[in-house]
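Please open the model in your viewer and keep the sequence panel beside it, since this tour moves from one selection to the next and says what is found at each stop.

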Amino acid sequence: VDSDLVEAARRGDRDAFAILAVSRGDRLFGVAHRILREMDRAEDAVQQTLVIAWRELPRLRDPERFDAWVLRLLVRLCYAEARRDRRHFAVVRALPVDGPAGPDAFTHDIANRDQLERGFRRLRPEHRVVLVLRHYVGLEPAEIAEVLGIPEGTTRSRLHYAHRAMRAALEADLRPAVAEGRSS
Amino acid sequence: MTREIDIERELDLWLGDGHSEVPDRVIAAALDQIKTTRQRRSFGLPRRFTTMRLTYQVLAVTAALLALGMLGALVAGASRPPAPPPITTPIPTAAGTLAPATVPPATLPPASAAVLSPSPSDAPTPSPINAAAWPSFTSQVFGFTMRYPTGWTLVPAKLADLSIPDAVDEFDAPAPSLAGFNVRSERLRPGQTPAQWSAAYVKANSMNPAECFPPSSQWTPERVDGIVGGLHGGAVSCDFTEVVVFDGNRVYLFRAVANRNTIGSDTFDISLLGALLNSVHLTPATAKDPNSEWRRTPAP
(Lines give C-alpha, C1' and ligand atoms only; values in the text may rest on other atoms or scores of the structure.)
Protein backbone atom coordinates (compact mmCIF):
# COMPACT_ATOMS: atom_id res chain seq x y z
CA VAL A 1 0.00 0.00 0.00
CA ASP A 2 1.28 3.45 -0.88
CA SER A 3 0.72 4.85 2.58
CA ASP A 4 2.19 8.23 1.77
CA LEU A 5 -0.08 8.61 -1.21
CA VAL A 6 -3.09 7.52 0.81
CA GLU A 7 -2.22 9.98 3.56
CA ALA A 8 -1.77 12.77 1.05
CA ALA A 9 -5.08 11.94 -0.61
CA ARG A 10 -6.77 11.91 2.79
CA ARG A 11 -5.56 15.45 3.27
CA GLY A 12 -7.17 16.47 -0.01
CA ASP A 13 -4.32 15.98 -2.49
CA ARG A 14 -6.10 15.17 -5.75
CA ASP A 15 -2.88 14.37 -7.58
CA ALA A 16 -2.04 11.73 -5.02
CA PHE A 17 -5.50 10.26 -5.37
CA ALA A 18 -5.13 10.23 -9.15
CA ILE A 19 -2.02 8.08 -8.83
CA LEU A 20 -3.89 5.70 -6.56
CA ALA A 21 -6.84 5.59 -8.94
CA VAL A 22 -4.71 4.82 -11.98
CA SER A 23 -2.73 2.15 -10.19
CA ARG A 24 -5.84 0.41 -8.82
CA GLY A 25 -8.15 0.91 -11.78
CA ASP A 26 -7.40 -2.30 -13.65
CA ARG A 27 -7.89 -4.54 -10.67
CA LEU A 28 -11.11 -2.82 -9.64
CA PHE A 29 -12.42 -3.10 -13.17
CA GLY A 30 -11.44 -6.74 -13.39
CA VAL A 31 -13.37 -7.50 -10.22
CA ALA A 32 -16.43 -5.50 -11.21
CA HIS A 33 -16.54 -6.98 -14.71
CA ARG A 34 -16.38 -10.50 -13.39
CA ILE A 35 -19.12 -9.93 -10.85
CA LEU A 36 -21.48 -7.96 -13.07
CA ARG A 37 -20.62 -9.63 -16.41
CA GLU A 38 -21.15 -6.40 -18.36
CA MET A 39 -18.61 -3.80 -19.42
CA ASP A 40 -20.89 -0.79 -19.01
CA ARG A 41 -21.96 -1.74 -15.53
CA ALA A 42 -18.43 -2.51 -14.50
CA GLU A 43 -17.26 0.86 -15.76
CA ASP A 44 -20.03 2.60 -13.84
CA ALA A 45 -19.18 0.70 -10.68
CA VAL A 46 -15.48 1.58 -10.92
CA GLN A 47 -16.16 5.23 -11.57
CA GLN A 48 -18.59 5.47 -8.66
CA THR A 49 -16.20 3.60 -6.41
CA LEU A 50 -13.40 6.05 -7.09
CA VAL A 51 -15.59 9.06 -6.46
CA ILE A 52 -16.95 7.65 -3.21
CA ALA A 53 -13.46 6.60 -2.15
CA TRP A 54 -12.26 10.16 -2.63
CA ARG A 55 -15.21 11.55 -0.70
CA GLU A 56 -14.95 9.12 2.20
CA LEU A 57 -11.18 8.76 2.35
CA PRO A 58 -10.65 11.04 5.36
CA ARG A 59 -12.70 8.56 7.35
CA LEU A 60 -10.49 5.59 6.57
CA ARG A 61 -8.87 4.89 9.91
CA ASP A 62 -5.87 2.90 8.73
CA PRO A 63 -4.19 3.88 5.42
CA GLU A 64 -2.69 0.40 5.24
CA ARG A 65 -6.20 -0.92 4.67
CA PHE A 66 -6.79 1.26 1.64
CA ASP A 67 -6.88 -1.55 -0.91
CA ALA A 68 -9.25 -3.72 1.08
CA TRP A 69 -11.41 -0.71 1.85
CA VAL A 70 -11.71 0.31 -1.80
CA LEU A 71 -12.46 -3.27 -2.73
CA ARG A 72 -15.26 -3.27 -0.19
CA LEU A 73 -16.69 -0.08 -1.66
CA LEU A 74 -16.58 -1.63 -5.11
CA VAL A 75 -18.33 -4.79 -3.99
CA ARG A 76 -21.08 -2.79 -2.35
CA LEU A 77 -21.58 -0.82 -5.53
CA CYS A 78 -21.68 -4.04 -7.50
CA TYR A 79 -24.46 -5.23 -5.18
CA ALA A 80 -26.26 -1.96 -5.83
CA GLU A 81 -25.83 -2.38 -9.57
CA ALA A 82 -27.18 -5.89 -9.35
CA ARG A 83 -30.19 -4.74 -7.35
CA ARG A 84 -30.85 -1.83 -9.65
CA ASP A 85 -31.65 -4.02 -12.58
CA ARG A 86 -31.88 -7.72 -12.15
CA ARG A 87 -32.71 -8.33 -15.78
CA HIS A 88 -29.09 -8.60 -16.78
CA PHE A 89 -28.70 -11.58 -14.50
CA ALA A 90 -30.95 -13.54 -16.82
CA VAL A 91 -28.94 -12.70 -19.92
CA VAL A 92 -26.52 -15.43 -20.85
CA ARG A 93 -23.53 -14.28 -22.78
CA ALA A 94 -20.10 -15.84 -22.58
CA LEU A 95 -17.11 -13.66 -21.82
CA PRO A 96 -14.76 -13.29 -24.77
CA VAL A 97 -12.00 -15.82 -25.03
CA ASP A 98 -8.66 -14.07 -24.88
CA GLY A 99 -6.30 -16.84 -25.88
CA PRO A 100 -6.15 -20.09 -27.82
CA ALA A 101 -7.42 -23.16 -26.08
CA GLY A 102 -4.76 -25.59 -24.93
CA PRO A 103 -5.25 -29.28 -25.65
CA ASP A 104 -5.80 -30.19 -22.01
CA ALA A 105 -7.32 -26.96 -20.78
CA PHE A 106 -10.80 -28.00 -19.83
CA THR A 107 -12.18 -24.50 -19.36
CA HIS A 108 -10.85 -23.32 -22.68
CA ASP A 109 -13.47 -25.40 -24.31
CA ILE A 110 -16.21 -23.07 -25.48
CA ALA A 111 -19.02 -25.38 -24.42
CA ASN A 112 -17.71 -25.69 -20.89
CA ARG A 113 -17.00 -22.01 -20.73
CA ASP A 114 -20.61 -21.42 -21.60
CA GLN A 115 -21.69 -23.80 -18.85
CA LEU A 116 -19.56 -21.90 -16.37
CA GLU A 117 -21.07 -18.66 -17.57
CA ARG A 118 -24.59 -19.98 -17.22
CA GLY A 119 -23.92 -21.38 -13.79
CA PHE A 120 -22.28 -18.18 -12.64
CA ARG A 121 -25.13 -16.03 -13.84
CA ARG A 122 -27.57 -18.10 -11.85
CA LEU A 123 -25.71 -17.28 -8.64
CA ARG A 124 -26.82 -14.54 -6.32
CA PRO A 125 -24.51 -11.52 -6.20
CA GLU A 126 -23.02 -12.44 -2.81
CA HIS A 127 -21.98 -15.83 -4.16
CA ARG A 128 -20.49 -14.34 -7.30
CA VAL A 129 -18.52 -11.95 -5.14
CA VAL A 130 -16.84 -14.61 -3.03
CA LEU A 131 -15.91 -16.60 -6.13
CA VAL A 132 -14.34 -13.57 -7.78
CA LEU A 133 -12.45 -12.55 -4.66
CA ARG A 134 -11.23 -16.11 -4.20
CA HIS A 135 -10.38 -17.13 -7.76
CA TYR A 136 -9.62 -13.84 -9.48
CA VAL A 137 -8.18 -11.65 -6.71
CA GLY A 138 -6.73 -14.68 -4.94
CA LEU A 139 -7.85 -13.87 -1.41
CA GLU A 140 -8.07 -16.45 1.35
CA PRO A 141 -11.44 -16.91 3.08
CA ALA A 142 -10.29 -14.89 6.09
CA GLU A 143 -9.23 -12.05 3.82
CA ILE A 144 -12.52 -12.18 1.94
CA ALA A 145 -14.35 -12.01 5.26
CA GLU A 146 -12.39 -8.93 6.19
CA VAL A 147 -13.08 -7.21 2.89
CA LEU A 148 -16.78 -7.96 3.04
CA GLY A 149 -17.18 -7.33 6.74
CA ILE A 150 -18.72 -10.72 7.37
CA PRO A 151 -17.66 -13.61 9.57
CA GLU A 152 -15.19 -16.08 8.12
CA GLY A 153 -17.70 -18.87 8.63
CA THR A 154 -20.13 -17.04 6.42
CA THR A 155 -17.47 -16.63 3.76
CA ARG A 156 -16.69 -20.34 3.80
CA SER A 157 -20.37 -21.15 3.67
CA ARG A 158 -20.85 -18.90 0.65
CA LEU A 159 -17.83 -20.39 -1.08
CA HIS A 160 -19.08 -23.88 -0.41
CA TYR A 161 -22.49 -23.07 -1.84
CA ALA A 162 -21.03 -21.30 -4.87
CA HIS A 163 -18.56 -24.09 -5.62
CA ARG A 164 -21.30 -26.66 -5.35
CA ALA A 165 -23.51 -24.68 -7.72
CA MET A 166 -20.73 -24.24 -10.26
CA ARG A 167 -19.76 -27.87 -10.07
CA ALA A 168 -23.37 -28.83 -10.66
CA ALA A 169 -23.45 -26.58 -13.71
CA LEU A 170 -20.46 -28.35 -15.22
CA GLU A 171 -21.64 -31.82 -14.26
CA ALA A 172 -24.95 -31.15 -15.93
CA ASP A 173 -23.00 -30.62 -19.12
CA LEU A 174 -20.74 -33.62 -18.65
CA ARG A 175 -23.51 -36.04 -17.78
CA PRO A 176 -26.55 -35.04 -19.78
CA ALA A 177 -27.96 -38.52 -19.85
CA VAL A 178 -27.78 -38.92 -16.11
CA ALA A 179 -28.95 -35.43 -15.39
CA GLU A 180 -31.94 -35.82 -17.62
CA GLY A 181 -35.03 -36.49 -15.63
CA ARG A 182 -33.36 -35.89 -12.31
CA SER A 183 -34.76 -33.20 -10.15
CA SER A 184 -32.15 -30.65 -9.06
CA MET B 1 -17.81 -42.02 -18.19
CA THR B 2 -17.72 -39.53 -15.38
CA ARG B 3 -14.93 -37.00 -15.28
CA GLU B 4 -13.84 -35.66 -11.90
CA ILE B 5 -14.08 -31.88 -11.87
CA ASP B 6 -11.57 -29.78 -9.99
CA ILE B 7 -13.92 -26.85 -9.68
CA GLU B 8 -11.41 -24.59 -7.96
CA ARG B 9 -8.94 -25.01 -10.81
CA GLU B 10 -11.64 -24.49 -13.40
CA LEU B 11 -12.71 -21.28 -11.73
CA ASP B 12 -9.12 -20.09 -11.41
CA LEU B 13 -8.70 -20.51 -15.16
CA TRP B 14 -12.09 -19.19 -16.19
CA LEU B 15 -12.12 -16.12 -13.97
CA GLY B 16 -8.49 -15.44 -14.82
CA ASP B 17 -9.46 -14.87 -18.44
CA GLY B 18 -11.30 -11.88 -19.80
CA HIS B 19 -11.07 -8.12 -19.61
CA SER B 20 -8.88 -6.66 -16.92
CA GLU B 21 -7.92 -3.27 -18.30
CA VAL B 22 -10.09 -0.37 -17.35
CA PRO B 23 -10.69 2.08 -20.19
CA ASP B 24 -8.81 5.34 -19.64
CA ARG B 25 -11.99 7.33 -19.98
CA VAL B 26 -13.40 5.69 -16.83
CA ILE B 27 -10.53 6.89 -14.66
CA ALA B 28 -10.58 10.26 -16.39
CA ALA B 29 -14.30 10.64 -15.72
CA ALA B 30 -13.86 9.76 -12.07
CA LEU B 31 -10.97 12.19 -11.63
CA ASP B 32 -12.95 14.85 -13.39
CA GLN B 33 -15.83 14.25 -11.02
CA ILE B 34 -13.72 14.52 -7.88
CA LYS B 35 -12.59 17.98 -8.95
CA THR B 36 -15.98 19.14 -7.77
CA THR B 37 -16.45 16.58 -5.00
CA ARG B 38 -15.64 17.69 -1.49
CA GLN B 39 -14.23 15.23 0.96
CA ARG B 40 -16.17 14.57 4.12
CA ARG B 41 -14.32 15.97 7.07
CA SER B 42 -16.72 15.68 9.95
CA PHE B 43 -19.70 13.58 10.82
CA GLY B 44 -23.22 14.88 10.54
CA LEU B 45 -24.08 14.47 14.17
CA PRO B 46 -21.99 14.73 17.29
CA ARG B 47 -21.07 11.41 18.82
CA ARG B 48 -23.13 12.00 21.93
CA PHE B 49 -26.23 12.40 19.73
CA THR B 50 -25.74 9.21 17.79
CA THR B 51 -25.34 7.27 21.02
CA MET B 52 -28.55 8.61 22.56
CA ARG B 53 -31.55 6.36 22.84
CA LEU B 54 -34.03 6.87 20.04
CA THR B 55 -36.59 8.36 22.38
CA TYR B 56 -34.08 10.88 23.68
CA GLN B 57 -33.05 11.71 20.12
CA VAL B 58 -36.67 12.41 19.22
CA LEU B 59 -37.07 14.58 22.29
CA ALA B 60 -33.84 16.42 21.57
CA VAL B 61 -34.78 17.12 17.96
CA THR B 62 -38.28 18.14 19.02
CA ALA B 63 -36.91 20.56 21.59
CA ALA B 64 -34.48 22.01 19.08
CA LEU B 65 -37.22 22.50 16.50
CA LEU B 66 -39.52 24.09 19.09
CA ALA B 67 -36.76 26.47 20.08
CA LEU B 68 -36.12 27.30 16.43
CA GLY B 69 -39.83 27.77 15.87
CA MET B 70 -40.19 30.13 18.80
CA LEU B 71 -37.15 32.07 17.69
CA GLY B 72 -38.50 32.24 14.15
CA ALA B 73 -41.91 33.38 15.37
CA LEU B 74 -40.32 36.11 17.44
CA VAL B 75 -38.25 37.33 14.51
CA ALA B 76 -41.14 37.10 12.08
CA GLY B 77 -43.51 38.81 14.50
CA ALA B 78 -41.16 41.72 14.88
CA SER B 79 -40.63 42.34 11.18
CA ARG B 80 -43.51 40.78 9.27
CA PRO B 81 -46.52 42.72 7.94
CA PRO B 82 -49.99 41.66 9.13
CA ALA B 83 -50.86 38.08 8.24
CA PRO B 84 -52.92 37.55 5.07
CA PRO B 85 -56.29 35.84 5.33
CA PRO B 86 -56.31 32.07 5.65
CA ILE B 87 -56.03 29.93 2.51
CA THR B 88 -58.62 27.27 1.88
CA THR B 89 -57.00 24.04 0.75
CA PRO B 90 -58.90 20.98 -0.47
CA ILE B 91 -58.04 17.92 1.57
CA PRO B 92 -59.12 14.38 0.59
CA THR B 93 -61.44 12.71 3.04
CA ALA B 94 -61.83 9.07 3.82
CA ALA B 95 -64.88 8.98 1.59
CA GLY B 96 -62.83 10.09 -1.37
CA THR B 97 -64.40 13.50 -1.70
CA LEU B 98 -62.60 16.78 -1.26
CA ALA B 99 -63.55 18.82 1.76
CA PRO B 100 -62.22 22.29 2.35
CA ALA B 101 -59.91 22.82 5.26
CA THR B 102 -58.58 26.03 6.59
CA VAL B 103 -54.83 26.25 6.89
CA PRO B 104 -53.33 29.43 8.23
CA PRO B 105 -50.40 30.45 6.08
CA ALA B 106 -46.91 31.08 7.25
CA THR B 107 -47.29 28.91 10.32
CA LEU B 108 -44.60 26.51 11.33
CA PRO B 109 -45.57 22.84 11.30
CA PRO B 110 -45.90 21.23 14.68
CA ALA B 111 -42.47 20.19 15.84
CA SER B 112 -43.57 16.61 16.34
CA ALA B 113 -44.75 16.41 12.74
CA ALA B 114 -41.43 17.62 11.46
CA VAL B 115 -39.68 14.93 13.43
CA LEU B 116 -42.07 12.12 12.68
CA SER B 117 -42.39 12.70 8.98
CA PRO B 118 -40.18 10.31 6.98
CA SER B 119 -39.41 13.22 4.69
CA PRO B 120 -39.03 16.42 6.72
CA SER B 121 -39.05 18.52 3.58
CA ASP B 122 -42.58 17.40 2.69
CA ALA B 123 -45.66 19.28 3.72
CA PRO B 124 -46.24 19.02 7.47
CA THR B 125 -48.08 15.95 8.64
CA PRO B 126 -49.72 16.75 11.92
CA SER B 127 -50.48 13.15 12.88
CA PRO B 128 -47.83 10.90 14.44
CA ILE B 129 -46.90 7.52 12.96
CA ASN B 130 -49.80 5.18 13.49
CA ALA B 131 -48.13 1.79 13.41
CA ALA B 132 -51.28 0.07 14.62
CA ALA B 133 -52.77 0.57 11.16
CA TRP B 134 -49.83 -1.03 9.39
CA PRO B 135 -50.01 -4.56 7.98
CA SER B 136 -48.53 -7.22 10.18
CA PHE B 137 -45.95 -9.80 9.27
CA THR B 138 -44.94 -13.09 10.83
CA SER B 139 -41.53 -14.37 9.83
CA GLN B 140 -41.45 -17.92 8.52
CA VAL B 141 -37.83 -18.29 9.47
CA PHE B 142 -36.47 -15.84 12.00
CA GLY B 143 -38.91 -16.01 14.91
CA PHE B 144 -40.66 -12.67 15.22
CA THR B 145 -43.72 -10.73 14.23
CA MET B 146 -43.89 -7.03 13.45
CA ARG B 147 -45.74 -4.37 11.53
CA TYR B 148 -44.40 -2.49 8.54
CA PRO B 149 -45.54 0.72 6.85
CA THR B 150 -48.43 0.52 4.44
CA GLY B 151 -47.18 0.59 0.86
CA TRP B 152 -43.80 -0.93 1.63
CA THR B 153 -42.76 -4.04 -0.26
CA LEU B 154 -42.19 -7.15 1.79
CA VAL B 155 -39.63 -9.72 0.62
CA PRO B 156 -39.77 -12.49 3.18
CA ALA B 157 -37.13 -15.13 3.65
CA LYS B 158 -38.37 -18.65 3.05
CA LEU B 159 -37.40 -21.92 4.62
CA ALA B 160 -35.49 -22.81 1.47
CA ASP B 161 -33.35 -19.72 2.01
CA LEU B 162 -31.80 -21.16 5.14
CA SER B 163 -28.93 -22.47 3.04
CA ILE B 164 -28.18 -18.92 1.97
CA PRO B 165 -26.17 -17.10 4.60
CA ASP B 166 -27.49 -13.63 3.90
CA ALA B 167 -31.18 -14.36 3.94
CA VAL B 168 -33.26 -11.67 5.63
CA ASP B 169 -36.84 -10.59 5.90
CA GLU B 170 -36.71 -7.38 3.91
CA PHE B 171 -39.02 -4.39 3.83
CA ASP B 172 -38.48 -1.80 1.09
CA ALA B 173 -39.99 1.67 1.02
CA PRO B 174 -41.96 2.55 -2.11
CA ALA B 175 -40.20 4.54 -4.84
CA PRO B 176 -38.79 7.10 -5.05
CA SER B 177 -37.55 6.39 -1.54
CA LEU B 178 -34.74 3.86 -1.33
CA ALA B 179 -35.06 3.28 2.39
CA GLY B 180 -35.14 -0.27 3.61
CA PHE B 181 -35.42 -2.31 6.76
CA ASN B 182 -34.42 -5.91 7.24
CA VAL B 183 -34.42 -8.46 10.01
CA ARG B 184 -32.55 -11.67 10.58
CA SER B 185 -31.78 -13.83 13.54
CA GLU B 186 -29.57 -16.74 14.36
CA ARG B 187 -28.80 -19.12 17.17
CA LEU B 188 -25.74 -18.54 19.27
CA ARG B 189 -23.15 -21.26 19.22
CA PRO B 190 -23.36 -23.68 22.12
CA GLY B 191 -21.80 -21.99 25.12
CA GLN B 192 -21.39 -18.68 23.36
CA THR B 193 -22.44 -15.65 25.38
CA PRO B 194 -24.02 -12.52 23.93
CA ALA B 195 -20.86 -10.61 24.82
CA GLN B 196 -18.74 -13.09 22.89
CA TRP B 197 -21.05 -12.94 19.92
CA SER B 198 -21.02 -9.16 19.95
CA ALA B 199 -17.25 -9.00 20.21
CA ALA B 200 -16.86 -11.34 17.26
CA TYR B 201 -19.42 -9.36 15.28
CA VAL B 202 -17.59 -6.10 15.87
CA LYS B 203 -14.28 -7.72 15.00
CA ALA B 204 -15.67 -9.10 11.76
CA ASN B 205 -16.71 -5.57 10.83
CA SER B 206 -13.48 -3.88 11.80
CA MET B 207 -13.14 -2.22 8.41
CA ASN B 208 -16.20 -0.10 8.99
CA PRO B 209 -15.69 3.34 10.42
CA ALA B 210 -15.19 3.18 14.18
CA GLU B 211 -18.37 5.09 14.89
CA CYS B 212 -20.39 2.44 13.05
CA PHE B 213 -19.12 -0.61 14.90
CA PRO B 214 -17.90 0.50 18.33
CA PRO B 215 -17.46 -2.13 21.06
CA SER B 216 -20.84 -3.41 22.19
CA SER B 217 -20.31 -1.75 25.58
CA GLN B 218 -20.73 1.54 23.73
CA TRP B 219 -23.90 0.59 21.92
CA THR B 220 -26.92 2.66 22.86
CA PRO B 221 -29.46 0.73 24.95
CA GLU B 222 -32.66 0.23 23.02
CA ARG B 223 -35.64 -1.92 23.90
CA VAL B 224 -37.24 -4.38 21.51
CA ASP B 225 -40.26 -6.26 22.82
CA GLY B 226 -39.23 -5.34 26.35
CA ILE B 227 -35.70 -6.65 25.99
CA VAL B 228 -32.81 -4.23 26.19
CA GLY B 229 -30.57 -4.49 23.15
CA GLY B 230 -27.92 -2.27 21.63
CA LEU B 231 -28.12 0.27 18.83
CA HIS B 232 -25.13 1.18 16.68
CA GLY B 233 -24.53 2.88 13.37
CA GLY B 234 -26.78 5.83 12.71
CA ALA B 235 -24.11 8.21 11.41
CA VAL B 236 -24.10 9.22 7.76
CA SER B 237 -20.83 7.40 7.24
CA CYS B 238 -22.36 4.10 8.38
CA ASP B 239 -25.23 3.91 5.87
CA PHE B 240 -27.17 1.85 8.39
CA THR B 241 -28.69 1.93 11.84
CA GLU B 242 -28.82 -1.43 13.54
CA VAL B 243 -30.28 -2.77 16.75
CA VAL B 244 -28.98 -6.06 18.13
CA VAL B 245 -31.11 -7.92 20.67
CA PHE B 246 -30.53 -11.24 22.40
CA ASP B 247 -33.47 -13.38 23.43
CA GLY B 248 -32.48 -16.63 25.06
CA ASN B 249 -29.87 -18.30 22.89
CA ARG B 250 -30.80 -16.27 19.86
CA VAL B 251 -29.59 -12.94 18.47
CA TYR B 252 -31.81 -10.68 16.38
CA LEU B 253 -30.49 -7.98 14.07
CA PHE B 254 -32.79 -5.18 12.95
CA ARG B 255 -31.09 -3.07 10.30
CA ALA B 256 -32.41 0.10 8.70
CA VAL B 257 -30.83 1.81 5.69
CA ALA B 258 -31.74 5.20 4.30
CA ASN B 259 -30.65 4.39 0.78
CA ARG B 260 -30.26 0.85 -0.50
CA ASN B 261 -28.24 1.88 -3.53
CA THR B 262 -25.58 4.27 -2.34
CA ILE B 263 -23.16 4.66 0.49
CA GLY B 264 -23.11 7.41 3.04
CA SER B 265 -26.00 9.34 1.60
CA ASP B 266 -28.34 9.83 4.52
CA THR B 267 -29.54 8.37 7.78
CA PHE B 268 -32.71 6.42 8.40
CA ASP B 269 -35.53 8.36 9.99
CA ILE B 270 -35.17 7.65 13.69
CA SER B 271 -38.80 7.99 14.59
CA LEU B 272 -39.79 5.59 11.84
CA LEU B 273 -37.22 3.15 13.15
CA GLY B 274 -38.66 3.60 16.62
CA ALA B 275 -42.16 2.82 15.33
CA LEU B 276 -40.92 -0.28 13.51
CA LEU B 277 -39.10 -1.59 16.57
CA ASN B 278 -42.02 -0.86 18.86
CA SER B 279 -44.17 -3.19 16.77
CA VAL B 280 -41.82 -6.15 17.09
CA HIS B 281 -42.72 -9.25 19.07
CA LEU B 282 -39.95 -11.81 19.42
CA THR B 283 -40.87 -15.50 19.19
CA PRO B 284 -37.53 -17.32 19.23
CA ALA B 285 -39.21 -20.68 19.73
CA THR B 286 -40.70 -20.43 16.23
CA ALA B 287 -37.40 -19.63 14.51
CA LYS B 288 -35.92 -22.14 12.10
CA ASP B 289 -32.25 -23.01 11.84
CA PRO B 290 -30.24 -25.19 9.51
CA ASN B 291 -29.27 -28.47 11.07
CA SER B 292 -25.81 -28.88 9.68
CA GLU B 293 -24.17 -25.51 9.75
CA TRP B 294 -24.18 -22.43 11.90
CA ARG B 295 -25.07 -19.56 9.71
CA ARG B 296 -23.30 -16.23 10.05
CA THR B 297 -22.44 -16.67 13.68
CA PRO B 298 -18.95 -15.30 14.21
CA ALA B 299 -16.53 -17.65 15.86
CA PRO B 300 -16.04 -16.84 19.52
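Begin by selecting B:Val257 together with the residues it touches: apart from neighbours within four places in sequence, B:Val257 is in contact (heavy atoms within 4.5 Å) with B:Leu178, B:Ala179, B:Gly180, B:Asp239, B:Phe240 and B:Phe268. Before going further, note that this is a predicted model, in which local features need pLDDT of at least 70 and side-chain atom pairs count only at pLDDT 80 or more, while totals for chains, interfaces and linings use all residues. Residues are numbered from 1 along each chain as its sequence is written, chains are lettered from A and ligands numbered from 1 in the order in which they are written, and side-chain values use heavy atoms, with hydrogens and water left out.

Colour by secondary structure next, and B:Val257 appears in strand S11 (residues 250-257) of chain B; helices (H or I, at least four residues) and strands (E, at least two) are DSSP runs, numbered from the N terminus. Is B:Val257 buried or exposed? With a relative accessible area of 16%, B:Val257 is buried, where buried means under 20% relative accessible area, exposed over 50%, and partly exposed in between (1.4 Å probe, protein chains only). Draw a C-alpha to C-alpha distance from B:Val257 to B:Ala179, and the viewer should give 5.6 Å, although the two are 78 residues apart in sequence.

Now move to B:Thr267, which lies in the loop between S11 and helix H7 (270-278) of chain B. B:Thr267 is partly exposed, its relative accessible area being 28%, and its C-alpha is 8.4 Å from that of B:Cys238, a residue 29 positions away in sequence.

Select the whole of chain B for a wider view: it holds seven helices and 12 strands, and 43% of its 300 residues are buried. Chain B exposes about 15,600 Å², of which carbon and sulfur atoms supply 59%; accessible areas come from the Shrake-Rupley method with a 1.4 Å probe, and for residues only the protein chains shown count as cover.

Switch to chain A, where the secondary structure comes to nine helices and zero strands, and where 54% of the 184 residues count as buried.

Within chain A, show H6 (residues 125-137) and H7 (residues 141-148), whose axes come within 10 Å and cross at roughly 125°; axes are lines fitted to C-alpha atoms, for helices over the stretch in contact, and angles run from 0 to 180 degrees between N-to-C directions. That angle makes H6(A) oblique to H7(A), given that angles under 35 degrees count as roughly parallel, over 145 as roughly antiparallel, 65 to 115 as roughly perpendicular and the rest as oblique. To see the contact, display A:Val129, A:Val130, A:Leu133 and A:Arg134 of H6(A) with A:Pro141, A:Ile144, A:Val147 and A:Leu148 of H7(A).

Finally, keep H6(A) and add helix H1 (residues 7-16) of chain B: the two axes come within 8 Å and cross at roughly 80°, which makes H6(A) roughly perpendicular to H1(B). Which residues make this contact? On the H6(A) side they are A:Leu131, A:Val132, A:Arg134, A:His135 and A:Tyr136, and on the H1(B) side B:Glu8, B:Leu11, B:Asp12 and B:Leu15.
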